[in-house]
Amino acid sequence: MDWSPILISMRTASLSILVTFFLGIFAAWRVIRLKNEKLKLIWDGILTLPLVLPPTVAGFFLLYIFGVKRPVGKFFLDYFSVKIAFSWIATVLAAVVMSFPLMYRSARGAFEQVDENLPAAARTLGMSEWCIFRKVLFANALPGIVSGGVLAFARGLGEFGATAMIAGNIAGKTRTLPMAVYSEVAAGNMDAAYRYVAVIVAIAFLSVILMNWAGLRADRKKR
């Protein structure tokens, strides 16, 4: 069995969750602090959009933005000699875009479940907004945030449609586990496909276990 799809997928998912985790938390924090409800709805819709779009459509937009002949892709290629489309970076980009809504929605939900009186009480004690976020909001929302991080990691690991559009299916370079399953089935190598599927199922099952564990911790904390 070729181990490169497993290694590429783990590298992609690991880097993408680092970006998604902090970006999702920051976005959730900023959105819940908005006073204008209409503006909040608009931003929430924009940030959640990749969750409801077909992955191939999201990948099309990414290719349209970061293609070598598009302004952003051409800028990176001309000034930094970095080709984004059909490179390993593109697999990370696709994973970040498609997993971000899960992290954002989970973090926002966790923040909104924190008792509003806690931040208000912290402000009366003279705590800064950053201190309130770190010691009150984040600390109390941590189980939900961890669950979101696990889901986002699993989503990034299993990304297929957007990856196929922006990164392609290049063996040893952009061929992730889902792409490897597709390639092996298309080639009639069912035994290899079974092995890749077994790896994906095992990782997905562990992700669910971790998510449930985080949920149990949250329930115990509330009690």
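**Burial, salt bridges and helices in a predicted model**

Q: What is the relative accessible area of Glu129, which is partly exposed?
A: In this predicted model, a residue is partly exposed when its relative accessible area falls between the limits of 20% for buried and 50% for exposed. Glu129 counts as partly exposed because its value lies in that interval, at 29%.

Q: With which residue does Glu129 form a salt bridge?
A: Side chains of opposite charge can pair when their charged atoms come close. For Glu129 the closest N and O atoms of the pair are 2.8 Å apart. The partner is partly exposed, with 44% relative accessibility. The residue that forms this salt bridge with Glu129 is Arg123.

Q: How many helices does the protein chain contain?
A: The secondary structure includes zero strands. Read from the N terminus, the elements run α-α-α-α-α-α-α-α-α-α. The number of helices is therefore ten.

Q: What share of the 223 residues in the protein chain is buried?
A: The C-alpha trace spans about 65 × 40 × 30 Å along its principal axes. The chain exposes about 12600 Å², and carbon and sulfur atoms supply 68% of that area. Of the 223 residues, the buried share is 40%.

Q: Among contacts between residues at least 6 apart in sequence, what percentage joins residues at least 24 apart?
A: One pair that links distant parts of the chain is Arg108 and Asp44, which meet in a salt bridge and lie 64 residues apart. Over the protein chain, the percentage of these contacts that join residues at least 24 apart is 71%.

Q: What N to O distance is found in the salt bridge between the side chains of Arg108 and Asp44?
A: Arg108 belongs to helix α5 (residues 88-112) and Asp44 to helix α2 (residues 37-52). Both residues are buried. In their salt bridge, the N to O distance is 2.6 Å.

Q: Which residues are linked with Asp44 and Arg108 in a network of salt bridges?
A: The count for the model comes to eight salt bridges, one of them being the pair of Arg108 and Asp44. The network extends beyond this pair. The residues linked with Asp44 and Arg108 are Arg105 and Glu112.

Q: Why are Lys74 and Asp78 separated by about one helical turn?
A: The side chains of Lys74 and Asp78 meet in a salt bridge with an N to O distance of 2.9 Å. Lys74 is partly exposed at 41% relative accessibility, and Asp78 is partly exposed at 47%. The separation is about one helical turn because, within helix α4 (residues 71-80), the two positions are four residues apart.

Q: Is Thr174 buried or exposed?
A: Thr174 is found in the loop between α8 (161-166) and α9 (177-187). Leaving aside residues up to four places away in sequence, Thr174 touches residues including Ile8, Phe86, Trp88, Thr163 and Met179. Its relative accessibility is 0%, so Thr174 counts as buried.

Q: Which residue has its backbone oxygen 3.1 Å from a polar atom of the side chain of Thr174?
A: This residue is also among those that Thr174 touches, a group that includes Gly168 and Asn169. The backbone oxygen at 3.1 Å belongs to Ala167.

Q: How far apart in space are Ile84 and Val68, C-alpha to C-alpha?
A: Ile84 lies in the loop between α4 and α5 and counts as buried because its relative accessibility is 7%. Apart from residues up to four places away in sequence, Ile84 touches Phe66, Phe76, Ile89, Ala90 and Leu93. Ile84 and Val68 are 16 residues apart in sequence, and their C-alpha distance is 7.6 Å.

Q: What accessible area do Leu15, Leu18, Val19, Phe22 and Leu23 have together?
A: Leu15 is found in helix α1 (residues 4-32), and at 35% relative accessibility this residue counts as partly exposed. With Leu18, Val19, Phe22 and Leu23, Leu15 forms a nonpolar patch on the surface. Their joint accessible area is about 460 Å².

Q: What percentage of residues 41-65 is helix?
A: The unreviewed UniProt entry annotates residues 41-65 as "transmembrane region", along with 6-29, 85-104, 136-154 and 193-214. In the model, the end C-alpha atoms of residues 85-104 lie 25 Å apart, and that span is 85% helix. For residues 41-65 the end C-alpha atoms lie 25 Å apart, strand makes up 0%, and helix makes up 92%.

Terms used. Residues numbered from 1 in each chain as written. Predicted model: local features only at pLDDT ≥ 70, side-chain atom pairs only at ≥ 80, totals over all residues. Heavy atoms only, no water. Buried < 20%, exposed > 50% of the residue type's maximum accessible area, 1.4 Å probe, protein only. Polar contact = N/O pair within 3.5 Å; in protein donor to acceptor, adjacent residues only side chain to side chain. Contact = heavy atoms within 4.5 Å. Patch = residues over 30% accessible without salt bridge, like charges linked within 9 Å, V, L, I, M, F, W, Y side chains within 5 Å. Areas by Shrake-Rupley, 256 points an atom, 1.4 Å probe, with all protein chains shown as cover. Salt bridge = Lys/Arg side-chain N within 4 Å of Asp/Glu carboxyl O. UniProt positions renumbered as here; feature names shortened; annotations may be inferred.
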